[in-house]
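Colleague: Could you walk me through this model with me asking and you answering? Please put it up first.

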Amino acid sequence: MTFLNHHLAQQVIRTAIQDRRQVLLESEAKEICLAYGIPTPEFLLVDNASQVAAAAEKVTYPVVLKIVSPDILHKTEAGGVLVNLKSKDEVESGYHTLVKNAKAYSEKARIRGVLVQHMVPKGIEVIVGALRDIQFGPTVMFGLGGLFAEALKDTSFRLAPLSVLDAQEMIHEIKAYPVLKGFRGQAPADEQAIIRILKAVSEIMLENHAIDQIDLNPVMVYTAGANVADVRMILRGI
């Protein structure tokens, strides 16, 4: 599910600005990723329980369900994420659970639906991010992802645009690079896949001035390829 359509990204951003939303819905952020060739798991957005089982079949089990609301930024805290669902009964029950949890978390939350996403296998988790620094402009970040991102603070930064050499240096600079290179007999991670994602994030920031921050975490990296499990994009102040 990879295609290049940079104009689609601009359409997604225009829609959010018209709605006066500063944080893109995850489905929108993933559409922008796909528009720049950044791999994401198969996903569909559904807005009622009758659609969820068919969507799960289409993206293939096991699946992850995530609540989609412009008013719920931290889905896990709101009980808005269910993982490793493997049957029609589980996803239909899960849909109702997510909606119930979201309303309990915030009565005023606008619920746009539920994201049905194929659950990708575990890999080495890395994070790729970007921000629009007031002084230096678009800046790209790389480090280990998941829980390690906050615990270790082991990251590298470069200004956009990134060359292939810039991206390689970012990967090699982090202290945890031996984990990517192949630690204690583990197969090495696909560095070229990481480089492609880093360069694509750089390109997104350069071409879409309305985007203020990007957070791809975790990016699951395998011996061949990578997949972005979670995405967050924030627009500049409206």
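Colleague: Which residue just after α1 takes a positive phi?

Modeller: Happy to start there. This is a predicted model, in which local features need pLDDT of at least 70 and side-chain atom pairs count only at pLDDT 80 or more, while totals for chains, interfaces and linings use all residues. Residues are numbered from 1 along each chain as its sequence is written, and side-chain values use heavy atoms, with hydrogens and water left out. Just after α1 (helices are DSSP runs of H or I, at least four residues, and strands runs of E, at least two, numbered from the N terminus), a positive phi of about 60° is taken by Arg20.

Colleague: How far apart are the end C-alpha atoms of helix α1?

Modeller: The helix has 13 residues, 6–18. The expected span is 1.5 Å times one less than the number of residues, so α1 should cover 18 Å. The model agrees with that, its end C-alpha atoms being 19 Å apart.

Colleague: Within what arc do the buried residues of α1 fall?

Modeller: Buried means under 20% relative accessible area, exposed over 50%, and partly exposed in between (1.4 Å probe, protein chains only). In α1, the buried residues are Leu8, Ala9, Val12, Ile13 and Ala16. They line one face of the helix, because seen down its axis they fall within an arc (taken from the directions from the axis to the C-beta atoms) of 135°.

Colleague: And which exposed residues does the face turned away from the buried side of α1 carry?

Modeller: The buried side is covered by elements including α2, β8 and β10, where contact means heavy atoms within 4.5 Å. The face turned away from it carries the exposed His7 and Gln18.

Colleague: How close are the N and O atoms in the salt bridge of Glu26 with Lys30?

Modeller: A salt bridge here is a side-chain nitrogen of Lys or Arg within 4 Å of a carboxyl oxygen of Asp or Glu. Both residues lie in α2, four residues apart, about one turn of the helix. Glu26 counts as buried at 5% relative accessibility, and Lys30 does at 0%. Their closest N and O atoms are separated by 2.5 Å.

Colleague: Asp71 forms a salt bridge with Arg110; how many residues apart in sequence are the parts that the pair ties together?

Modeller: The closest N and O atoms of Asp71 and Arg110 are 2.9 Å apart. Asp71 lies in the loop between β2 and β3, and Arg110 in the loop between α4 and β4, so the parts tied together are separated in sequence by 39 residues.
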